[in-house]
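Let's take a friendly walk through this structure together. Keep the viewer open as you read, and turn the model as each part comes up.

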Amino acid sequence: MTYDASVRKDRDGHTAPSGDRPFWGRVANWGPYRAFSAILTASPRRQFIILAAFPILWLLTQHLGPMLQMLRVSLIDAYPVAPGTPQAFTFDNYMRFFGDRIFWQPFFRTLTFAAVFTFCTLILTYPVAYFLARHVSRKNQMLMLLLLLIPFWVGEIVRTYAIMILLGNTGAVNLALKWLGLIDRPIPFMYTSFSMGIGIVYLTALYMLLPLYSALEKLPQSMNEAAADLGAGAWTRFRRISLPLTIEGISSGCILVFLISTGFYATPVLLGGPSTTVFAETIAGFFHVAGDEWPTGAAFAVIMFAAALVITGVFQKVMNMLRKGDTK
Amino acid sequence: MTSPLVHIDGISKRFGDAVALENLSLDIAEGEFVTFLGPSGCGKSTTLRILGGFERPDTGRVILDGEDVTNQPPERRHVNMVFQDYALFPHMTVQQNISFALELKGMDKSAIKRRLDEITSFLELDGFGDRYPGQLSGGQRQRVALARALAPDPALLLLDEPLGALDAKLRGQVQRELKSIQRQTHKTFFFVTHDQEEALTMSDRIVVMNKGRVEQDGTPEDLYFHPQSRFVAEFIGETNLLSGKMRGVDGEAVVMDWFGQTLRGHAPSGVPTEGASITASVRLEKLGFHKARPDLPNAVQGHVVSKTFLGSRMAVDMVVDQTDGAKLRAFVDADTGHSIGDDPIWAAWDSDSMAVLRD
Amino acid sequence: MNRRVELNRGNRIFLACVYWAFVLYVFVPLILMIVMGFKDSKFIGFPIRSWTLDWYTGVFSDAEVLYTFGYSVVIAILSTLISVIVGTWIAVLLEGRKFWGRAVTFGLMVLPALVPGIISAIAFRIYARMLGIEPGMGAIIWAHAVHNVPFVTLVVMARLSTLPKSQIEAARDLGADPLMAFMRITLPYLVPAILGASVFCLLLSFDDFVRSFFLGGYEPTLPVLIFAMLRSGMSPEINAIATVALVLTAAIGIWAERFTRRANKESQT
């Protein structure tokens with residue numbers, strides 16, 4: 001129970017014999033480490049530069065770079081550029097898009113499909129999220145959410161294939177309908193916009209469910225109870241309270257699902273037919289060839305990305321206005 | 001005392017538009033238990049963080065042990081801190097927490113072991129070495145935090161409201177422990193709190209802060225009985241405030257006029273000019289009740305309006321006659337309290353018990 | 001009052017039905033696919049009259065399938081390593097730090113996660129050619145690594161934002177320089193988030209089709225192999241391969257979910 005200030009003598013640590021130090025003690029007092037640390041901590045400014053240099057470089061070259069290069073390639077007349085010939089700047093690649101209905105038809109189809117599928121996903125998952133967030137006890141919520149997460153760890157191709165088996169002419173749905181005596185001959189679900197829709201909603205549902213769930217979960221239960229005490233029915237409560245307060249979750253879920261839906265390639269190829277060609281297939285077509293069609297493909301990709309960004313941007317604006325209008 | 005351990009030289013600090021500290025200068029001697037006391041936002045925590053090296057002052061210098069440390073990062077100062085939330089490392093055992101600083105100093109395993117044993121037995125933490133902070137009670141965590149900060153033998157120990165998280169019962173015990181630890185180690189403690197009782201119990205010296213400035217700097221008794229400003233008088237303990245006019249000086253005493261009555265007090269913060277409006281403070285326990293006018297410099301007549309039983313003592317409220325209903329409050333022991341009836345009564349106090357305040 | 005209670009219960013039952021219908025929707029296709037892998041016939045479809053394990057033995061003795069499996073796993077592991085290091089670094093830069101251009105930096109960080117799949121794939125394809133990266137393993141690893149960075153950064157930032165500031169200050173106070181404080185306090189605190197993000201990246205990479213398809217050379221990854229097989233017709237062999245992939249990914253996913261949850265709970269005490 002006595003206090004001895006002996007440590008003070010070797011406060012700097014240098015007087016201690018450097019025999020048997022613990023691991024971190026050896027690191028901290030190792031010459032190269034000290035030198036590096038001295039460089040690092042010389043000034044807060046230098047510390048920040050060392051911390052920020054690599055991420056900034058990465059973001060510019062790896063995140064922004066591919067997009068910029070795509071934009072550049074979309075604006076030149078030939079790619080790859082033959083050595084010796086100057087590359088010419090041109091808008092021809094973009095003009096090709098408007099010239100042929102074989103190009104703009106899949107484009108508008110893709111946007112329409114994406115919008116419709118996004119809406120279907122919203123309608124399907126909102127009640128699920130609502131049920132989980134409002135009618136299930138905290139403890140079970142996590143379990144029941146986890147149950148829904150499991151299939152979503154499975155890849156796009158495997159799940160697309162599963163839908164093919166479900167909807168095929170000899171698939172489970174047709175078998176069940178036949179067995180129930182509702183049909184004599186199988187309904188050709190496959191290779192239609194219907195099968196594509198089922199598949200895409202299946203693939204994107206989670207990206208809608210999670211934002212909706214976290215928005216609904218944040219709603220205080222007391223608000224609903226207060227409204228119920230004032231005599232509001234379930235529908236009114238939903239329309240006047242839950243819906244306006246979850247608009248943020250709805251809009252971020254919809255934007256995410258819309259962007260993902262426009263980008264599907266394998267699923268439309270496997271589940272769709274000739275009458276449901278999407279723009280992703282059109283774009284991909286230019287990349288199967290050796291390379292001279294790349295500028296057109298790049299231009300089409302730029303058109304599609306720009307369109308998707310404009311649509312989601314306008315959508316978000318509208319949703320924001322709706323939200324503000326409701327809180328007035 | 002040759003030179004102070006800590007010399008704070010005119011430091012100021014702003015956060016955006018808010019002034020946290022304004023031209024603070026202060027010396028702290030080695031072995032002192034100094035408490036910075038004040039409401040939240042008064043600048044006490046900023047001072048602590050500047051001493052710890054977590055903030056840099058906009059102007060001014062901090063000299064520690066003769067060395068200018070104003071721009072030194074925390075890891076280069078011989079200063080350690082007990083954090084408000086203790087900030088124990090949750091993924092390290094008690095032992096690893098305490099030896100964290102010792103390892104970084106480059107001490108040998110055997111030396112670390114010796115120091116660890118010494119500090120754990122000193123703070124009665126034997127047997128907890130292999131536990132994780134999550135497995136300890138609030139009081140134990142507080143002691144581990146103290147052990148961790150004391151282990152590297154800092155020149156100055158900073159304590160940032162370390163008792164705030166403890167329940168009231170434990171707090172009293174820990175206050176006594178802290179004080180005795182400080183005495184045994186002869187360490188300089190820089191303690192920050194908003195709890196005036198805590199400050200009075202433990203400190204050798206209290207610095208009362210308000211709006212980034214020092215209101216008063218002195219011993220606990222000094223601050224309690226001779227507050228210089230209205231802020232200090234109200235912040236520390238309970239007091240009677242009497243507003244009147246300055247009359248003049250009579251020997252050692254300051255004479256004031258209060259509803260036509262002449263009262264005598266002292267002025268620790270300097271004598272006000274004649275005719276000025278002034279406020280004086282009289283502590284509740286300095287008021288005495290008398291059936292007849294006593295032979296004291298200050299005596300007023302009135303009658304008791306309420307009595308509140310507080311256990312060991314009683315609070316008595318009286319309305320003073322010939323005023324606009326001004327009230328005085330006093331602490332008396334329970335027996336005296338019971339003996340006071342409805343008859344008019346005299347309240348009296350010494351001129352030394354009444355401090356004329358700076359506003 | 002009674003009517004309202006009844007109405008509420010009606011709602012609740014309706015919503016519960018929707019939930020369980022949704023569970024069926026997400027599970028039934030996968031279960032059917034698994035079941036179909038045990039069918040003793042080359043023809044995919046119902047009804048199933050006899051069962052076999054032949055498709056599985058076939059898959060496990062098929063050198064090409066096994067090679068593809070390993071190829072995909074190696075790609076997943078290497079790309080995850082890159083994503084985790086870079087993603088964590090960016091998270092440390094962005095979280096709780098104010099600097100000029102932070103909003104733009106944040107936007108750039110999430111960009112790869114927001115670009116629709118096909119566009120991301122061809123942008124990487126074009127960029128790879130500019131950098132002189134040949135289609136193949138290296139190109140796929142690079143594309144997966146870049147694409148997965150935002151997921152790591154977002155998860156790590158979320159965790160980092162819950163680290164009390166006093167932890168780092170305490171470490172500094174006790175003699176640790178900023179780098180030492182990072183290694184001994186911040187990094188251990190981030191471990192659950194980093195592990196969780198790693199598993200997520202592994203799954204994203206292992207499951208990815210579109211980037212692997214456009215950046216791949218002659219050797220396919222597993223999803224690309226399944227896609228190619230599907231284009232020439234459905235067969236129970238595909239079911240067997242897909243089922244193995246499914247069981248693996250779902251098992252890793254569940255394990256990671258449990259692990260991160262437990263770690264989060266522990267660090268809260």
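**A sheet and its helix in chain B**

Ile63(B) stands opposite Asp68(B), a residue of strand β5(B). Before we go further, a word on the source: this is a predicted model, in which local features need pLDDT of at least 70 and side-chain atom pairs count only at pLDDT 80 or more, while totals for chains, interfaces and linings use all residues. Residues are numbered from 1 along each chain as its sequence is written, and chains are lettered from A and ligands numbered from 1 in the order in which they are written.

Back at our starting pair, β4(B) covers residues 59-64 and is joined to β5(B) by two bridges, with the two strands running antiparallel. Here, helices (H or I, at least four residues) and strands (E, at least two) are DSSP runs, numbered from the N terminus, and two strands pair if DSSP finds at least two bridges between them. Strands of a sheet pair through backbone hydrogen bonds, either parallel or antiparallel.

Now widen the view to the whole sheet. Four strands of chain B make up this open sheet, in the order β2-β1-β4-β5, with antiparallel pairing. Its edges are β2 (18-28) and β5 (67-68) of chain B, each of which pairs on one side only. Helix α1(B), residues 44-52, packs on the sheet and touches β1 (6-15), β2 and β4 of chain B. The direction of α1(B) makes about 60° with that of β2(B); axes are lines fitted to C-alpha atoms, for helices over the stretch in contact, and angles run from 0 to 180 degrees between N-to-C directions.

**Chain B as a whole**

Step back once more, and chain B has nine helices and 20 strands. Its C-alpha trace spans about 75 × 45 × 40 Å along the principal axes. Of its 359 residues, 42% count as buried, meaning that 20 or more other C-beta atoms lie within 10 Å of the residue's own (exposed: 12 or fewer; partly exposed: in between), with C-beta atoms placed from the backbone. Chain B is assigned domain 1 (6-225) and domain 2 (238-357), with bounds that come from an automatic or database domain assignment. The C-alpha centres of these two domains of chain B lie 39 Å apart.

**Chain A, built from helices**

Chain A has 15 helices and zero strands. Its radius of gyration, taken over C-alpha atoms, is 29 Å, whereas a compact globule of 328 residues would have one near 20 Å (the globule rule is 2.2 Å times the number of residues to the power 0.38). The C-alpha atoms of chain A fill a box of roughly 95 × 80 × 50 Å along the principal axes, and 36% of its residues count as buried.

The domain assignment of chain A gives domain 1 (21-74) and domain 2 (92-327). Four residues of domain 1 of chain A are in contact with seven of domain 2, where contact means C-beta atoms, placed from the backbone, within 7 Å.

**Where chain C meets chain A**

How many residues of chain C are in contact with chain A? There are 70, and they meet 74 residues of chain A. The largest share of this side of chain C, 19 residues, comes from α1(C). By class, the side of chain C has 56 nonpolar, seven polar and seven charged residues. In this scheme Ala, Val, Leu, Ile, Met, Phe, Trp, Tyr, Cys and Pro count as nonpolar, Asp, Glu, Lys and Arg as charged, and the others, Gly among them, as polar.

Terms used
Two residues are in contact if their C-beta atoms, placed from the backbone, lie within 7 Å.
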